[in-house]
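User: Hello! Could you walk me through this structure with me asking and you answering?

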Amino acid sequence: MIFLLPVVWGCPERCRCHSPSNSVDCSRQGLAEIPSDLPPQTQTLHLQDNQIHQLPNSAFKSVPQLTTLNLYNNSLSNLTPGVFHGLQHLRVLNLTQNSLHSLESRLFHSLPQLRELDLSSNNISHLPASLGEPWENLTVLAIQQNRLRQLDRALLESMPRMKHLFLKDNLWKCNCHLLSLKLWLETFVYKGGITDSVICVSPDTWKGKDLLEIPHELYHPCPFPSLHLQSSQVPQLGAAHRAVPRLSDSHSRGERDHRECEVKPKPRPANLRHAVATIVITGVVCGIVCLMMLAAAIYGCTYAAITAQYHGGRLAQTNEPTKTEGKELFDS
C-alpha cells in the first residue's frame, strides 16, 4: 500500500502530498513552472520559495477544488487576467515577495470566494480603482512594502467586509489626493477595522508623520481641472478670432495648480484643552497668592494686637506707683 499510494494519489515527483488534508507541498524545489500532474482533489497548494517567473492562462485548471494557494517568494513580474480562471473555491491567495509592478483590473474576476489577499513586498506602484466583484467578500488585504503613493477611495469602498488592511512601508505622498484615504481610514477604524500606520514620505512638511495623526483641517481639496481650456473652445459672440494662450501662461497656471494641490500648513488652531489647563493653573496661582496675602494680613493684625497688649500691660504697671504717691501727697 505504501508503494502504491503515490500512484493512486498521483503526487508529483518533487512534491510531498498529504491525502487526509488534500494538500500538496512543492516548496523549495527550484521549480520554474507548476507541476502538470497535480492531484485534481488538491485543496491546498504550496509553491513558495521557487523560481517561477510566469504563469500561463488557466494555470490551475487541473486543481479546481483549490482553496489555498501560496506563491510566496517567486519571480512573478506579470499576471495575465486569465491566470486564475477556474478557481471558484479559492479563499486564500499569497503573492508576497515577488516582482509584481501592477495588477490588471480583471485579474480576480474568476475568484468569487476570495477572502484573503497578500500582495506585500512587491514593486506595485498603482492599483486600479476597481478589481471586480470578488472584492466584496475580501476580509484581509495586505499591500505593505510596495511603491504606492496613492490609493483610490473607490477601491476601498468596494470592500464592505474588510476587517484587516495593512498599508505601511509605501511611498505615501500626503497631499490633497490622499485626503480621501485618510477620511476612509478614520471611518474604517471607528467601525472596528484593524490597520497599521500610513507614514508619509512626502512632502517634507509631513515626512515621517502618521497620516491619521495629521489634522484634516490642514488639507485643501484638490482643485478641479481648470476651466480655461473649455472656455477657450467656446467662440464668443462678435469675436472673429479666439485668443491663443501663451505657453508661459499655461506653464505658470500648471505650476499654480500644482502648488494648490500640495498641502499648505496653516497656523495650528488653539487647543481647547491647553486653554482650560491655562485657566486652571492661573486660578490656582491666584488663589495661592490670595491665601498668602490673607495669612500675612492675619499675622500682621495678630502681631499688632499682641504687641499693643504687651505694651499696655507694661504701661499700667509703671503708672500704679505714681498714682499711689500722688494720693499720699494729696492726703497730706
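**Cysteines, core and loops**

Analyst: Happily, and let us start with a pair of cysteines: C174 is buried, and C200 is buried too; buried means under 20% relative accessible area, exposed over 50% and partly exposed in between, with a 1.4 Å probe and protein chains only. This is a predicted model, in which local features need pLDDT of at least 70 and side-chain atom pairs count only at pLDDT 80 or more, while totals for chains, interfaces and linings use all residues. Residues are numbered from 1 along each chain as its sequence is written, and side-chain values use heavy atoms, with hydrogens and water left out.

User: Thanks! How many disulfides does a search of the whole structure find?

Analyst: A disulfide is taken here as a pair of cysteine sulfur atoms within 2.5 Å. One of the pairs is C174 and C200, with sulfur atoms 1.9 Å apart. Searching the whole structure gives a count of 3.

User: Is the disulfide of C174 and C200 left-handed or right-handed?

Analyst: This pair links distant parts of the chain, 26 residues apart, with C174 in the loop between β8 and α3 and C200 in the loop between β9 and α4. Helices (H or I, at least four residues) and strands (E, at least two) are DSSP runs, numbered from the N terminus. The torsion about the S-S bond is about -95 degrees, so the disulfide of C174 and C200 is left-handed.

User: Which cysteine does C15 pair with?

Analyst: C15 counts as buried at 10% relative accessibility, and its partner is buried with a relative accessible area of 0%. The two sulfurs are 2.0 Å apart, and the link is right-handed, with 110 degrees about the S-S bond. C15 lies in the loop between α1 (5-9) and β1 (16-18) and its partner in the loop between β2 and β3, so the pair ties together parts that are 11 residues apart in sequence. The partner is C26.

User: What is the S-S distance between C11 and C17?

Analyst: C17 is partly exposed, with a relative accessible area of 26%. The link of C11 and C17 is right-handed, with 90 degrees about the S-S bond. Their sulfur atoms are separated by 1.9 Å.

User: Which cysteine has the sulfur closest to that of C286, and why is there no bond?

Analyst: C286 itself is partly exposed, at 42% relative accessible area. The closest cysteine sulfur is 6.5 Å away, which is too far for a bond, and it belongs to C290.

User: Let's turn inward. Which element gives the most to the largest nonpolar core?

Analyst: A nonpolar core is a set of buried Ala, Val, Leu, Ile, Met, Phe, Trp, Tyr and Cys residues joined through side-chain atoms within 4.5 Å. The largest one has 59 residues, and L47, L55, F60, L69, F84 and L93 have the most contacts inside it. Two elements give two or more residues to this core, α2 (153-157) and α3 (179-190). With 4 residues, the element that gives the most is α3.

User: What does L47 touch?

Analyst: Contact means heavy atoms within 4.5 Å, and residues up to four places away in sequence are not counted for L47. The list includes the disulfide-forming C26. The other residues that L47 touches are L31, I34, P35, I52, F60, L69, N70, L71, Y72 and N74.

User: How far apart are the C-alpha atoms of N73 and L47?

Analyst: N73 lies in the loop between β4 (68-70) and β5 and counts as partly exposed at 27% relative accessibility. Not counting residues up to four places away in sequence, N73 touches D49, N50, T96, Q97 and N98. N73 and L47 are 26 residues apart along the chain, and their C-alpha atoms are separated by 8.9 Å.

User: Where is R28 found, and what is its phi near?

Analyst: Most residues other than glycine have a negative phi, and most peptide bonds are trans. R28 has a positive phi, and at 60% relative accessibility R28 counts as exposed. R28 is found in the loop between β2 (23-25) and β3 (44-46), with phi near 55 degrees.

User: Last one: which residues does the cis peptide bond join?

Analyst: The proline of this bond lies in the loop between β9 (194-195) and α4 (228-233). Omega is about -5 degrees, and the residues joined are S202 and P203.
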